[in-house]
Amino acid sequence: MKIPRVIPARKISSITVLLAAVALAACSETEPHVYAPSQRIEHQYSKAGPYSATRIETPARFGLPRGAAYLPGDAERPAPLVIWQNGTGVDIDTYDAIARHLASWGLAVLGSYDRQMGSGQTAIAMLENARLWSSTPGHPLHGRVAAGRFAFVGSSQGAVGTINAHTEFSLGRTATALAVHGTPTDEAIAFFGLDLQYDATRISAPIFIMTGTEDDFISPISLNETMFHGLSGEPMRAIGVASGADHIELADDAGRMRGYLTAWLSFQLTNDPNAAQAFLGIAEITTNPGWSLARVAPRQRPAQSGRPADRSPGSDRFPL
């Protein structure tokens with residue numbers, strides 16, 4: 001299967017939009033997942049972090065829907081930023097629990113009430129707003145967000161938006177890292193009648209690709225493997241297939257994916273050497289029996305002055 005470079009645009013009808021929303025709309029009413037992480041790092045980052053989490057509503061601005069910011073309390077320095085992108089037909093309230101969880105680990109999360117985020121444009125506007133607000137005295141985000149260090153994260157249509165925000169916009173190409181869940185096939189996009197296109201081969205940032213064994217129709221393992229193997233060069237990449245997870249696993253508290261998603265973002269955005277062990281060396285995720293498939297391709301950097309490249313946590317900017 002080839003990575004879809006251009007997915008044919010189709011007119012959106014009310015029926016197809018309804019169908020597209022059904023898979024995710026129910027997740028706003030789901031109970032928190034019941035999942036017992038089996039490995040040390042997965043278990044640690046599945047639990048709440050050391051910070052309290054505060055949610056601040058952000059107003060609509062210049063046509064951008066209103067949203068919410070999640071900030072770690074009592075942080076000693078501005079927090080790296082996660083730009084969250086929603087699945088079809090749902091908003092940031094669907095992901096409130098995982099956003100609070102990430103904030104508890106020292107990350108600022110910016111979400112939106114936009115329910116169609118596939119183009120990536122809303123994510124870029126959110127990033128621009130975060131940069132403005134973090135430098136505006138008197139704003140609740142002033143001095144609390146390090147918007148120059150950021151990751152795009154998205155589920156389903158939000159995964160498409162994550163790829164597009166990174167590949168189609170110059171500002172998005174400066175992303176520190178990406179994480180995608182449930183990236184849809186061209187067939188699934190066509191079935192739901194959504195006007196989306198993306199080119200995953202143009203990804204140039206470290207990326208964590210996630211799907212579940214029960215997500216065969218929208219985001220089958222084969223597509224995610226093709227994305228993983230279709231990337232080459234320097235960026236680090238990881239793929240994880242969570243056993244028993246379906247297309248709405250990232251909703252609510254992110255269930256089976258919470259621990260390693262948190263570890264990935266902590267590793268990439270804060271250079272957390274403990275979280276890095278989930279993806280470096282004998283990567284914990286690759287030995288976890290709860291993940292039916294997991295692989296990691298570490299960043300390959302040319303040696304300098306005849307010396308081997310340093311891939312230890314804390315070297316250079318990041319061990320990517």
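How many of the 13 residues of α8 are buried? Burial here means under 20% relative accessible area, with exposed set at over 50% and partly exposed in between (1.4 Å probe, protein chains only). By that criterion, 12 of the 13 residues of α8 are buried, so the helix is largely enclosed by the rest of the structure. The model is a predicted one, in which local features need pLDDT of at least 70 and side-chain atom pairs count only at pLDDT 80 or more, while totals for chains, interfaces and linings use all residues. Residues are numbered from 1 along each chain as its sequence is written, and side-chain values use heavy atoms, with hydrogens and water left out.

Helix α8 itself is a good place to start. Helices (H or I, at least four residues) and strands (E, at least two) are DSSP runs, numbered from the N terminus. The buried residues of α8 include the aromatic side chains Y260, W264 and F267, and also R258 and Q268. The expected span of a helix is 1.5 Å times one less than its number of residues. For α8 (residues 258–270) this gives 18 Å, and the end C-alpha atoms lie 17 Å apart, which agrees. Just after the helix comes N271, with a positive phi near 55°.

Attention now turns to charged pairs. A salt bridge is taken as a side-chain nitrogen of Lys or Arg within 4 Å of a carboxyl oxygen of Asp or Glu, and a search of the whole structure finds 10 of them. One network of salt bridges links R55, E57, R66, D93, D96 and R100. Within this network, the closest N and O atoms of E57 and R55 are 2.6 Å apart, and E57 counts as partly exposed at 45% relative accessibility.

D96 and R100 also pair, at 2.7 Å from N to O. The two are four residues apart in helix α3 (residues 96–104), and therefore separated by about one helical turn. An α-helix has 3.6 residues a turn, so residues three or four places apart point the same way. The partners fall into separate accessibility classes: D96 is buried at 18%, whereas R100 is partly exposed at 32%.

A further salt bridge joins R202 and E168, at 2.5 Å from N to O. R202 sits in the loop between α6 (186–191) and β7 (207–212), and E168 in the loop between α5 (157–167) and β6 (177–181), so this pair ties together parts 34 residues apart in sequence. R202 is partly exposed, with a relative accessible area of 41%, and E168 is partly exposed at 42%.
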